[in-house]
Amino acid sequence: MWTARYKRQAKGKLKRLIYDIVLLSLVQEVTSMPFDLKRILGDFVAIFFPRECACCGCVLRYQEKFICIACDFHLPYTNFHEYSDNDTARQLWGKVPVEEACSFLILQKESRVERLIYQIKYNNQPLLAEYFGFQYGLKLLDSASYQHLDAIIPIPLHPGKLRKRGYNQSSYFGRGLSRAMGIPLQEDALIRKKATITQTGQDRLSRYENVEDVFACEHMPALYGKHILLVDDVLTTGATIVSAALAIQQAWACKVSVATLARA
């Protein structure tokens, strides 16, 4: 089972690499082409390297980005950014003081969102996280609760895990938010000082014990007393967010709000 899975992942990575090389080799010609010719070229490349929906696997149409229109319509968006008393915020109450907290999507087993998160974390598609970060950032701009943020900080991976995966999906989510909202992203402000075992499959208590005192903050006087948006890919028990938020508050005496791509 694992062999087949790794073969699929390797095939997908090779496919995207070839696709990127083809596009890069044509970039000089494409930028000077009329719109219709660009579209024709894109359709031609798609014949050999079709773009697939991250949720259902269908071939995307020209106007579609990352997910198809049908999946986008059926994704369980929460609209938590529209009101402070939401499930994500309540999950953190009594554990860590936060100004606001929200999640973009609801994660359930064997769902479109579960497939989406899998593609982001395990199938080398971090740009998916950036895309959804940008979409969520546009929504947060319309909320009065997220108008006075000073910096965005993603939950970091341990350096060993970062080397193995090659990217931090939370950082890409933060990049999308940063681009949409015009707020600086501080990817190196928070560090994970020790490796932890995966949170998957652990009970609530074990998750909290697993991430206790694992984060540290760099010396960054510019962040002292500021309002930080702490971001992560998935909120489950909230243990990781709580540990990171406490470290930030203790280091910089700042206010913290939270945004995640999904919540389980």
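The chat below goes through a predicted model of one protein chain.

User: What helices and strands are there in the chain, in numbers?

Analyst: The chain of this predicted model contains ten helices together with six strands.

User: And how much of the chain is buried?

Analyst: Of the 264 residues in the chain, 45% are buried. The chain exposes about 14500 Å², and 56% of that area is supplied by carbon and sulfur atoms.

User: What share of the contacts comes from residues 24 or more positions apart?

Analyst: Counting the contacts in the chain with a separation of 6 or more, 73% are between residues that lie 24 or more positions apart.

User: Switching to cysteines, how many disulfides does the structure hold?

Analyst: The structure holds zero disulfides.

User: Why is there no bond at Cys-56?

Analyst: The cysteine sulfur closest to that of Cys-56 belongs to Cys-58, and at 3.4 Å it is too far for a bond, because a disulfide needs the two sulfur atoms within 2.5 Å. Seen from the other side, the sulfur of Cys-58 has Cys-56 as its closest cysteine partner, again at 3.4 Å and too far for a bond.

User: Are those two buried or exposed, or partly exposed?

Analyst: Cys-56 is partly exposed, with a relative accessible area of 45%, and Cys-58 is also partly exposed, with a value of 29%.

User: OK, on to charges: how many salt bridges are there?

Analyst: The count comes to six salt bridges. One of them joins the side chains of Lys-121 and Asp-233, with 3.7 Å from N to O. That pair links distant parts of the chain, since Lys-121 sits in helix α5 (residues 112-122) and Asp-233 in strand β5 (residues 227-235), 112 residues apart.

User: Is Asp-233 buried or exposed?

Analyst: Asp-233 counts as buried, because its relative accessibility is 7%, and the cut-off for buried is under 20%.

User: Which residue does Glu-187 meet in a salt bridge?

Analyst: The side chain of Glu-187 meets that of Arg-175, at 3.4 Å from N to O. Glu-187 is in the loop between α8 (169-181) and β3 (190-192), while Arg-175 is in helix α8, and the two are twelve residues apart. Glu-187 is partly exposed at 31% relative accessible area, and Arg-175 is likewise partly exposed, at 30%.

User: What about Asp-213, which residue forms a salt bridge with that one?

Analyst: Asp-213 pairs with Lys-193, and their closest N and O atoms are 3.2 Å apart. Asp-213 lies in the loop between α9 (204-210) and β4 (215-217) and Lys-193 in the loop between β3 and α9, so this salt bridge ties together parts that are 20 residues apart in sequence. Asp-213 is exposed, with a relative accessible area of 51%, whereas Lys-193 is partly exposed at 45%.

User: Which residues do salt bridges that share partners join into one network?

Analyst: Asp-85, Asp-87 and Arg-90 are joined into one network by salt bridges that share partners.

User: Last topic, the backbone: what is phi at Asn-79?

Analyst: Asn-79 has a positive phi of about 60°, although the residue is not a glycine. Asn-79 is found in the loop between α3 (69-74) and α4 (87-92), where the residue is partly exposed, with a relative accessible area of 34%.

User: And what about phi of Asn-124?

Analyst: Phi of Asn-124 is near 55°, which is a positive value in a residue other than glycine. Asn-124 has its place in the loop between α5 and α6 (126-141), and the residue is partly exposed at 30% relative accessible area.

Notes. Residues are numbered from 1 along each chain as its sequence is written. This is a predicted model: local features need pLDDT of at least 70, side-chain atom pairs count only at pLDDT 80 or more; totals for chains, interfaces and linings use all residues. Side-chain values use heavy atoms; hydrogens and water are left out. Buried means under 20% relative accessible area, exposed over 50%, partly exposed in between (1.4 Å probe, protein chains only). A salt bridge is a side-chain nitrogen of Lys or Arg within 4 Å of a carboxyl oxygen of Asp or Glu. Helices (H or I, at least four residues) and strands (E, at least two) are DSSP runs, numbered from the N terminus. Contact means heavy atoms within 4.5 Å. Accessible areas come from the Shrake-Rupley method with a 1.4 Å probe; for residues, only the protein chains shown count as cover.
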